[in-house]
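The following exchange examines the terms used to describe a protein structure and the values on which those terms rest.

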Amino acid sequence: MERFRPNSAEPYEDHHSFSGASPLRGKGSGGMNVLLIGGAGYLGGALAPQLLAAGHRVTVFDSLSFGSKAVDQLRNHDLFRLVAGDMRDISAVAEAMRDQQAVILLAALVGEAACDRDPVETAAINYLATLN
């Protein structure tokens, strides 16, 4: 089925089609270097194993404020690396980003109780740090 751009008769080239290669699939044995900032939480614990299974090298950069249980089972994987660091530290983030080909930002304080405990820190992590 051919798609067209809105208000145009020109065909739309869909680069995000699911009929071709998945962005999670590595290119042979040469997968990408992927950095998951805030990757030791629930979402990172779900995403990291999929990226590793696809042949990507995964670095999780996380403050580990809530532990690393979600990714502990990956610690012995050859393509996995866990780096403890705070995303508000621009130097640490820059170092973690070195040689990465993709960066996925998952870091955030979530849940009313955690956010209400320190609204200033919540704003610093969930908003201000992302401006770096």
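**The sheet and its strands**

Q: What joins strand 1 to strand 2, and how do the two run?
A: Five bridges join strand 1 to strand 2, and the two strands run parallel. One of the bridges sets Ile37 opposite Phe61, its partner in strand 2. The model is a predicted one.

Q: What makes strand 2 and strand 3 a pair?
A: A pair requires at least two bridges. Strand 2 (residues 57-62) is joined to strand 3 by five bridges, in parallel, and therefore the requirement is met. Val58 has Phe80 as its bridge partner in strand 3.

Q: In what order do the strands form the sheet, and why is one side of strand 3 and of strand 4 left without a neighbour?
A: The four strands form an open sheet in the order 3-2-1-4, with parallel pairing. Strand 3 (80-84) and strand 4 (102-105) stand at the edges with a single partner strand each, so one side of each has no neighbour in the sheet. On average, neighbouring strands of this sheet are turned by 20° against each other, direction ignored.

Q: Which strands does helix 1 touch where it packs on the sheet?
A: Helix 1 (residues 42-53) touches strand 1 (33-37), strand 2, strand 3 and strand 4. The direction of helix 1 makes about 175° with that of strand 1.

Q: How many helices and strands does the protein chain hold, and how do the elements run?
A: The protein chain has four helices and four strands. Read from the N terminus on, its elements run β-α-β-β-α-β-α-α.

**Buried and exposed residues**

Q: Why is Ala96 called buried?
A: The term applies under 20% relative accessible area. Ala96 has 5%, and it is therefore buried. Ala96 is placed in helix 2 (residues 90-97) and, apart from residues up to four places away in sequence, touches Leu35 and Phe61. The C-alpha atoms of Ala96 and Phe61 are separated by 7.1 Å, with their positions 35 residues apart along the chain.

Q: What makes Gly31 count as buried?
A: Its relative accessibility is 3%, against a limit of under 20%, so Gly31 counts as buried. Gly31 is in the segment before strand 1. From Gly31 to Leu79 the C-alpha distance is 9.9 Å, while the two are 48 residues apart in sequence.

Q: Why is Ala70 called partly exposed?
A: Partly exposed covers values between the buried limit of 20% and the exposed limit of 50%. At 25%, Ala70 falls in that range and is therefore partly exposed. Ala70 belongs to the loop between strand 2 and strand 3. Leaving aside neighbours within four places in sequence, Ala70 is in contact with Ala40, Gly41 and Gly45. Between the C-alpha atoms of Ala70 and Gly41 there are 5.8 Å, although the residues are 29 residues apart along the chain.

Q: What makes strand 2 mostly covered, and what share of the protein chain is buried?
A: Five of the six residues of strand 2 are buried. In the protein chain, which has 132 residues, buried residues make up 30%.

**Positive phi values**

Q: What is the phi of Leu64, and what is that of Asp99?
A: Most residues other than glycine have a negative phi. Leu64, not a glycine, has a positive phi near 60°, and Asp99, also not a glycine, has a positive phi of about 70°. Leu64 lies in the loop between strand 2 and strand 3, whereas Asp99 lies in the loop between helix 2 and strand 4.

Q: Why is Asp99 called exposed?
A: Exposed means over 50% relative accessible area. Asp99 has 60% and is therefore exposed. Leu64, at 26%, is partly exposed.

**The largest pocket**

Q: What volume does the largest pocket have, and which residues lie nearest its centre?
A: The volume of the largest pocket is about 650 Å³. Its lining has 30 residues, and Asp62, Ser63, Phe66, Ala108 and Leu109 lie nearest the centre. Helix 1, strand 2, helix 3 (112-117) and helix 4 (119-126) are the elements that give two or more residues to the lining. Helix 4 provides the largest share, three residues. By type, the lining divides into 15 nonpolar, eight polar and seven charged residues.

Notes: Residues numbered from 1 in each chain as written. Predicted model: local features only at pLDDT ≥ 70, side-chain atom pairs only at ≥ 80, totals over all residues. Heavy atoms only, no water. Axes fitted to C-alpha atoms, helices over the stretch in contact; angles between N-to-C directions. Contact = heavy atoms within 4.5 Å. 1 Å grid on protein atoms, 1.4 Å probe; cavity = no way out; pocket = protein on both sides within 12 Å on 5 of 7 lines; lining within 4 Å. Points joined across faces, edges and corners; volume = space filled by probe spheres on them. Nonpolar A, V, L, I, M, F, W, Y, C, P; charged D, E, K, R; others polar. Buried < 20%, exposed > 50% of the residue type's maximum accessible area, 1.4 Å probe, protein only.
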